[in-house]
Amino acid sequence: MSDVLSPLHPTKANTPGGEPRTIRTSNAHIIAVTSGKGGVGKTFVSANLAAALTRLGLRVLVLDADLGLANLDVVLNLYPKVTLHDVFTGKASLQDAVVTAPGGFHVLLAGSGMVEYSRLTPEVRNQLIHVIDTLAPNYDVVLLDTGAGISDVVLFSVSLAKEVLIVATPEPTSLTDAYAAIKVLATQQKRQNMRLVINQAIRPGDGRAITGQLQQVLNRFVNTESGLPMRLIHMGDIPADKAVRDAVMRRQLLLQATPGCAASLAVAQLASRIKSMLPAPQPE
Ligand SMILES: Nc1ncnc2c1ncn2[C@@H]1O[C@H](COP(=O)(O)OP(=O)(O)OP(=O)(O)O)[C@@H](O)[C@H]1O
Ligand SMILES: [Mg+2]
């Protein structure tokens, strides 16, 4: 991992959770995987999507951006010696904190149970910017596995991403919270479009119908700066599948444990859609 560190790139000043920053010197597609309600499957989607994108030949980094309550390590059965916390406090280098996950992608794990990351301090903000600016140029895709909701820390990590992938389940509580998060991101971060994946879908067509309903409410009640409606892009459905829980219990990637199950196939399809939205690679 000798090429992980490259010179720090210039950054644009930003207010907490405000307009998305431009990572100007990086071609990496930075995607925040976020949600309104907690426990809807962000970490499961981030880890398995990263594995699926890696299979498609992309260089992928997943950053555990759920700073206070990190658990990407649990899902991946990793026991990190060095975490983002050690990098933030100057105890370790970024180079030592990036590790390879079972799916072949890279991860940067955060520590868990640290109350200092429940608030967005200038230090946390600057450190996150530094970490992402430094690492992003080495990857095609960087996934930010964020916490749930609309706290300052979550909104700020989402503001570092070019694209937002909202994870929601068909439950009314999840959809109400997804709508609230989308509304905040559309207005605060002036996002013109966001992507939606419906996880734990029950019936085929769930996601398309839900996206249509959310879009109608957004059209009525959310004004974007351009005056055009905020566009919600349906990226697919991942069915509720017992194999997911089994894989999480065994601390395995679903794509490795049961690659042929319905949820694995849906994640692979999501990866193909994401790959197709990336810019074509530039000649060296
Ligand atoms: N498609 C699915 N089918 C069945 N169970 C699922 C599915 N997706 C997620 N789950 C279950 O939901 C649990 C929570 O998922 P996960 O930890 O990824 O959610 P999260 O959104 O990251 O939570 P948090 O908001 O706490 O970070 C998983 O451990 C798994 O048991
Ligand atoms: Mg999570």
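How many nonpolar, polar and charged residues does the shell around ligand 1 have? Sorted by class, that shell has eight nonpolar, seven polar and four charged residues. Keep in mind as you look around that this is a predicted model.

Let's stay with the ligand for a moment. Ligand 1 is surrounded by 19 residues, and the closest are Gly-38, Gly-41, Lys-42, Thr-43 and Phe-44. Three elements each give two or more residues to this shell: helix 1 (42–55), strand 7 (193–201) and helix 9 (242–249).

Now for the sheet. Eight strands make up an open sheet with mixed pairing, and if you walk across the sheet, the order is 3-4-2-5-1-6-7-8. Strand 3 (98–100) and strand 8 (231–239) sit at the edges; each has a single partner strand, so one side of each has no neighbour in the sheet. From one strand to the next, the twist averages 25 degrees.

Zoom in on strand 6 (residues 163–168) and you'll find that strand 6 pairs with strand 7 in the parallel sense, over four bridges. Here Leu-165 stands opposite Arg-195, which belongs to strand 7. Helix 1, which we met at the ligand, packs on this sheet and touches strand 1 (29–35), strand 2 (60–65), strand 5 (141–148), strand 6 and strand 7. The direction of helix 1 makes about 170 degrees with that of strand 5.

How far can you trust the picture? The protein chain has an average pLDDT of 88, and 89% of the residues score at least 70. Residues 1–15 have a pLDDT below 50, though this stretch has 27 contacts in the model beyond near neighbours in sequence. Where pLDDT is low, don't read the predicted coordinates in detail.

Note on methods. Residues are numbered from 1 along each chain as its sequence is written. Chains are lettered from A and ligands numbered from 1 in the order in which they are written. This is a predicted model: local features need pLDDT of at least 70, side-chain atom pairs count only at pLDDT 80 or more; totals for chains, interfaces and linings use all residues. pLDDT is the predictor's confidence in each residue, from 0 to 100. Two residues are in contact if their C-beta atoms, placed from the backbone, lie within 7 Å. A residue is near a molecule or strand if its C-beta atom, placed from the backbone, lies within 6 Å of it. Ala, Val, Leu, Ile, Met, Phe, Trp, Tyr, Cys and Pro count as nonpolar, Asp, Glu, Lys and Arg as charged, and the others, Gly among them, as polar. Two strands pair if DSSP finds at least two bridges between them. Axes are lines fitted to C-alpha atoms, for helices over the stretch in contact, and angles run from 0 to 180 degrees between N-to-C directions.
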